[in-house]
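I opened my notebook to record what I looked up, one feature at a time, in the order in which I came to it.

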Amino acid sequence: MKIALLARNPNLYSHKRLMEAAEQRGHEITWLNTLRCTVHIASHRPEVYYDGEPAIGFDAVIPRIGASITNYGLAILRQFEMRGCWPLNESVAIGRSRDKLRSLQILAKHGLGLPLTAYANDPKKAEEIIRAVKGPPVVIKLLEGTQGIGVVLADSMSSAKSVIEAFRGANVNILVQEFIKEAGGTDIRALVIGGKVVAAMKRTGAADDFRSNLHRGGSAQLIKITPEERSTAVRAAKRMGLNVCGVDMLRSNHGPVIMEVNSSPGLEGIEAATGKDIAGQIIEFIEGHAKIGATKTKGAG
């Protein structure tokens, strides 16, 4: 097969592993810098160009779109889809996952466990939404944050109101969520491929940080998840429409609650913690499913 890896940095661990795994299985894989791709739109002739040349002949595309360029990356991916190229994750599904509010609304509609969450535009509603999530304390998150950036724990009404007012004063959209104290600064990352949890790890935050992101100095270890946690991760991936994703959950007193569904999960931490060849399993999934035009949206974007 001829596979395109749509990503900005080919030297990241996850991207190098995906390229190695594809080559080991006899495929031709080409790195395409997302920002060097251009869209040419003409009736019945959707084209993607790379450095001025048509990007054609690809059987599949692996989108690894950074959060800072989501909109541009999705535009490029949609164009590949409209050409009939099979994406590992579809543009519509990635778009859902990147919008924290939309993803929570979708998951809530289907009855998946979530922390209490509130959203408002008017900073004068700060006290109302803090009380709606049974706080303080509360967790305040940027709608488009990633890797723990833009996540604040406010432990009093005055501090929570101040943070909300500051973010909204800067015209930044935020969510306010219930603080799951019993999670103890740890979370679970379940890696889902093709509707199955293939690996799971427990992430523990640094000693002085309630966030468990590995990028923020957290640590990871192998964990055996419960049947309920496994079912929650699989259902979340299905409802978001993602073939491959990392589902981040907290263990609360009332069962697993989903914090985020990540459509471009990093592979370094989970491969190290579990000893599994996740990159190889992703390529194997592509082999069994990549067919021209075989997308849920049929290339409609």
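Is lysine 134 buried or exposed? I was working with a predicted model, and in it I found lysine 134 at 69% relative accessibility, so I entered this residue as exposed.

**The loop after helix 5**

I placed lysine 134 in the loop between helix 5 and strand 9, and I noted that its phi is near 60 degrees, a positive value in a residue other than glycine. Proline 136 is found in that loop too, and when I looked up the peptide bond leading to proline 136 from glycine 135, I found it to be cis, with omega near 0 degrees. I then moved on to proline 137, which also has its place in the loop between helix 5 and strand 9, and I wrote down that a cis peptide bond, with omega about 0 degrees, joins proline 136 and proline 137.

I also looked up aspartate 51, which is not a glycine and yet has a positive phi of about 50 degrees. Aspartate 51 sits in the loop between strand 4 and strand 5, and I entered it as partly exposed because its relative accessibility is 47%.

**Salt bridges**

Next I turned to charged pairs, since side chains of opposite charge can pair when their charged atoms come close. I counted 12 salt bridges by the rule used here, and I followed three pairs in detail.

In helix 5, glutamate 127 forms a salt bridge with arginine 131, and the closest N and O atoms are 3.1 Å apart. The two residues are 4 apart in helix 5 (residues 126-132), so about one helical turn separates glutamate 127 from arginine 131. I noted glutamate 127 as partly exposed, at 31% relative accessibility, while arginine 131 is exposed, with a relative accessible area of 52%.

Aspartate 248 and arginine 189 meet through their side chains in a salt bridge of 2.4 Å, N to O. Because aspartate 248 lies in strand 15 and arginine 189 in strand 12, this pair ties together parts that are 59 residues apart in sequence. I found both aspartate 248 and arginine 189 to be buried.

The salt bridge of arginine 17 with glutamate 271 is 2.9 Å from N to O. Since arginine 17 lies in helix 1 and glutamate 271 in helix 8, the pair ties together parts that are 254 residues apart in sequence. Arginine 17 and glutamate 271 are both buried, and I added that a network of salt bridges links Arg17, Glu20, Glu271 and Asp277.

**Helix against helix**

How do helix 1 and helix 9 cross, and at what angle? Their axes come within 8 Å and cross at roughly 55 degrees, so I entered helix 1 and helix 9 as oblique to each other. The crossing of helix 1 and helix 9 is right-handed. Arg17, Leu18, Ala21 and Ala22 of helix 1 meet Ala279, Gly280, Ile282 and Ile283 of helix 9, and by class this contact has 6 nonpolar, 1 polar and 1 charged residues.

For helix 2 and helix 3 I found axes that come within 9 Å and cross at roughly 160 degrees, so these two helices are roughly antiparallel to each other. Helix 2 passes helix 3 in a left-handed crossing. The contact is made by Thr70, Leu74, Leu77, Arg78 and Glu81 on the side of helix 2, and by Ser91, Ile94, Gly95 and Arg98 on the side of helix 3; by class I entered 3 nonpolar, 3 polar and 3 charged residues.

Technical notes. Residues numbered from 1 in each chain as written. Predicted model: local features only at pLDDT ≥ 70, side-chain atom pairs only at ≥ 80, totals over all residues. Heavy atoms only, no water. Axes fitted to C-alpha atoms, helices over the stretch in contact; angles between N-to-C directions. Parallel < 35°, antiparallel > 145°, perpendicular 65-115°, else oblique. Left-handed = near helix turned anticlockwise from the far one by under 90°. Contact = heavy atoms within 4.5 Å. Nonpolar A, V, L, I, M, F, W, Y, C, P; charged D, E, K, R; others polar. Salt bridge = Lys/Arg side-chain N within 4 Å of Asp/Glu carboxyl O. Buried < 20%, exposed > 50% of the residue type's maximum accessible area, 1.4 Å probe, protein only.
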